[in-house]
Amino acid sequence: MAHLSLRIDDDIAEAVGVLAKAAGMSRSAWIARAIKDALEARPDEIRDVPTSNEGGSKALHFRLHTEEVAAIDYVAEQAGLSRTQW
């Protein structure tokens, strides 16, 4: 596993900390997941990566603590998305 260092603004670091805690993850794991998600969102920048041909969607139901839902709502709002879209 590679080791990377990065510098980010304090307010972003605080938001990452809140979101990582809400997700039950370390900040490092949360950032790694965010980077992976960003890679998948930029197919024009990625070459020779296999993609899934599966279509459709499936429902997933689960319960979260109020703090976790608030974190999801915050991130979704920042991205201009609904909770479901996020």
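## The largest pocket

Sorted by class, the residues lining the largest pocket comprise 11 nonpolar, three polar and two charged ones. The model you are looking at is a predicted one, and its largest pocket holds about 550 Å³ of space. Of the 16 lining residues, those closest to the centre of this pocket are Leu4, Leu6, Ser28, Ile31 and Ala32.

Which helices help to line the largest pocket with at least two residues each? They are H1 and H2. Helix H2 is the biggest giver, supplying seven residues to the lining.

## The second largest pocket

A further pocket, the second largest, has a volume of about 340 Å³. If you would like to find it in the structure, look for Leu60, Phe62, Arg63, Leu64, Val69, Ile72, Arg83, Thr84 and Trp86, which line it. By class, this lining is made up of six nonpolar, one polar and two charged residues. Keep Arg83 in mind, as this lining residue also takes part in a salt bridge.

## The overall layout

Now let us step back to the whole chain. How many helices and strands does the protein chain have? There are three helices and zero strands, so that, in the shorthand of DSSP runs numbered from the N terminus, the elements read α-α-α. Helix H1 covers residues 10-23 and helix H3 covers residues 66-78, while helix H2 spans residues 27-40. Of the 86 residues in the protein chain, 13% are buried.

## The nonpolar core

In soluble globular proteins, nonpolar side chains tend to be buried together. Here, the largest nonpolar core has seven residues: Val16, Leu19, Ala20, Ala22, Trp30, Ala71 and Val75. Helices H1 and H3 are the elements that give two or more residues to this core. The top contributor is H1, with four residues.

Ala22, a member of this core, is a good place to look at contacts. Setting aside neighbours within four places in sequence, Ala22 is in contact with Glu67, Glu68 and Ala71. One of these partners, Ala71, belongs to the core as well.

## A look at Trp30

Trp30 sits in helix H2 and is also part of the largest nonpolar core. Why does Trp30 count as buried? Its relative accessible area is 15%, and buried means under 20%, so Trp30 meets the cut-off.

Once residues up to four places away in sequence are left out, Trp30 touches Val16, Leu19, Ala20, Ala23 and Met25. Among these, Leu19 lies 11 residues from Trp30 along the chain, and the C-alpha atoms of the two are separated by 7.9 Å.

## Arg33 on the same helix

Helix H2 is home to Arg33 too. Is Arg33 buried or partly exposed? Arg33 has a relative accessible area of 33%; partly exposed covers values between 20% and 50%, so Arg33 is partly exposed. Apart from residues up to four places away in sequence, Arg33 touches Ala23 and Met25. Both Ala23 and Met25 are also touched by Trp30.

## One salt bridge

Side chains of opposite charge can pair when their charged atoms come close. The count of salt bridges in this model is one. Which residues form the pair? The side chains of Arg83 and Asp73 meet, at 2.7 Å from N to O. This salt bridge links distant parts of the chain: Asp73 lies in helix H3 and Arg83 in the segment after H3, 10 residues apart.

Asp73 has a relative accessible area of 29%, which means that, with partly exposed set between 20% and 50%, Asp73 is partly exposed. Its partner Arg83 brings us back to the second largest pocket, which Arg83 helps to line.

How values were computed
Residues are numbered from 1 along each chain as its sequence is written. This is a predicted model: local features need pLDDT of at least 70, side-chain atom pairs count only at pLDDT 80 or more; totals for chains, interfaces and linings use all residues. Side-chain values use heavy atoms; hydrogens and water are left out. A nonpolar core is a set of buried Ala, Val, Leu, Ile, Met, Phe, Trp, Tyr and Cys residues joined through side-chain atoms within 4.5 Å. Buried means under 20% relative accessible area, exposed over 50%, partly exposed in between (1.4 Å probe, protein chains only). Contact means heavy atoms within 4.5 Å. A salt bridge is a side-chain nitrogen of Lys or Arg within 4 Å of a carboxyl oxygen of Asp or Glu. On a 1 Å grid over the protein atoms alone, a cavity is a set of points where a 1.4 Å probe fits but cannot get out, and a pocket is an open set with protein on both sides within 12 Å along at least five of seven lines; lining residues have an atom within 4 Å of a point. Grid points are joined across faces, edges and corners, and a volume is the space filled by probe spheres set on the points. Ala, Val, Leu, Ile, Met, Phe, Trp, Tyr, Cys and Pro count as nonpolar, Asp, Glu, Lys and Arg as charged, and the others, Gly among them, as polar.
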